[in-house]
Amino acid sequence: MSLQLSVDRSSPVPLYFQLSQQLEAAIERGSLTPGSLLGNEIELAGRLGLSRPTVRQAIQSLVDKGLLVRRRGVGTQVVHSQVKRPLELSSLYDDLEAAGQKPETRVLANVLVPASAEVAAALGVGEGDEVHRIERLRLTHGDPVAYLCNHLPTGLLPLDTDRLEATGLYRLMRAAGITLHSARQSVGARAATAEEGERLGEPEGAPLLTMRRTTFDDTGRAVEFGAHTYRASRYSFEFQLLVRP
């Protein structure tokens, strides 16, 4: 493996997470193709000046995502690359209204929490820094459609529960003078856990669509990180594809 890897020890982002993000990006852009061997942890740790537990944690996070697999007698191998497709920057609330539905929101949590490594990296804050966490259930005609979990930097805008239940998050952000400019987004699918099935009115194992999105304002600041699950029986993502000349 001849990838250009490096870590920034002055960054608040944990070293293992920096490494895992670089490896994941290499898989996504095809620098690490399916079947490629990652190399052993000792060599990688020595090359980057990291401890073996740090490298092991980075690799395990990608094993957990299904991007890498450990094979006895072979080593750590790339399984596949993730396919990411851009979608229009809109909220589920706006999508449902545009479709003639009547969106309803139930706020399940509206709290301040310490940022996890993933949230910290997405929002550009330190791990453990306080961020706002909002969990909502979005319904139409009383029927659940999606579970939405969003993290935002503190002090960005007022986020009282009544306002969150009355309208969409992006509308509140725009009303607060925040100009939403772009987003980095990934879409996937998996089977529902028992808890998710109960929450969304689906049996355990039912297909769910997943979406993770980091949204940026017109200054390039990350203003929101969302991790959402949608009922595949009730919701789909639509893409417009253009033929490259």
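1. Start with one pair of residues. Ala-183 stands opposite Thr-215 in strand S7. This is a predicted model. The pair belongs to a longer match: strand S6 (residues 180-191) and S7 pair in the antiparallel sense over eleven bridges.

2. Strand S7 has a second partner. S7 and strand S8 (residues 222-231) also pair in the antiparallel sense, over nine bridges. Here Arg-212 stands opposite Ala-227 in S8. S7 and S8 form a hairpin, with four residues between them. Look at Gly-220 in that turn: its phi is positive, about 90°.

3. How many of the eleven residues of S7 (residues 207-217) are buried? Nine of them are, so S7 is largely enclosed by the rest of the structure.

4. Now go to helix H2 (residues 41-48). Its buried residues are Glu-41, Leu-44, Ala-45 and Leu-48. They cover an arc of only 100° around the axis, which puts them on the same side of H2. The spacing fits a general rule. An α-helix has 3.6 residues a turn, so residues three or four places apart point the same way. On the other side of H2, Ile-42 and Gly-46 are exposed.

5. What do the buried residues of H2 pack against? They pack against helix H1 (15-29), helix H3 (52-64) and strand S1 (68-71). After H2 comes Gly-49, with a positive phi near 70°.

6. Take one residue of helix H3: Thr-54. Is Thr-54 buried or exposed? Its relative accessibility is 18%. Buried means under 20%, so Thr-54 counts as buried. Leaving aside neighbours within four places in sequence, Thr-54 is in contact with Leu-15 and Tyr-16.

7. Next, the largest nonpolar core. It holds 23 residues. Those that touch the most other members are Leu-5, Leu-19, Leu-23, Leu-32, Val-55 and Leu-68. H1, H2 and H3 are the elements that give two or more residues to this core. H1 gives the most, with six. The general background is simple. In soluble globular proteins, nonpolar side chains tend to be buried together.

8. Leu-68 deserves a look of its own. Not counting residues up to four places away in sequence, Leu-68 touches Ile-27, Leu-38, Ile-59, Leu-62, Val-63, Thr-76, Gln-77, Val-78 and Val-79. Apart from the largest core lies another, of 14 residues. Among its members are Leu-157, Leu-164, Ile-178 and Val-223.

Key:
Residues numbered from 1 in each chain as written. Predicted model: local features only at pLDDT ≥ 70, side-chain atom pairs only at ≥ 80, totals over all residues. Heavy atoms only, no water. Buried < 20%, exposed > 50% of the residue type's maximum accessible area, 1.4 Å probe, protein only. Arc of directions from axis to C-beta. Contact = heavy atoms within 4.5 Å. Pairing = 2+ DSSP bridges. Core = buried A, V, L, I, M, F, W, Y, C linked by side-chain atoms within 4.5 Å.
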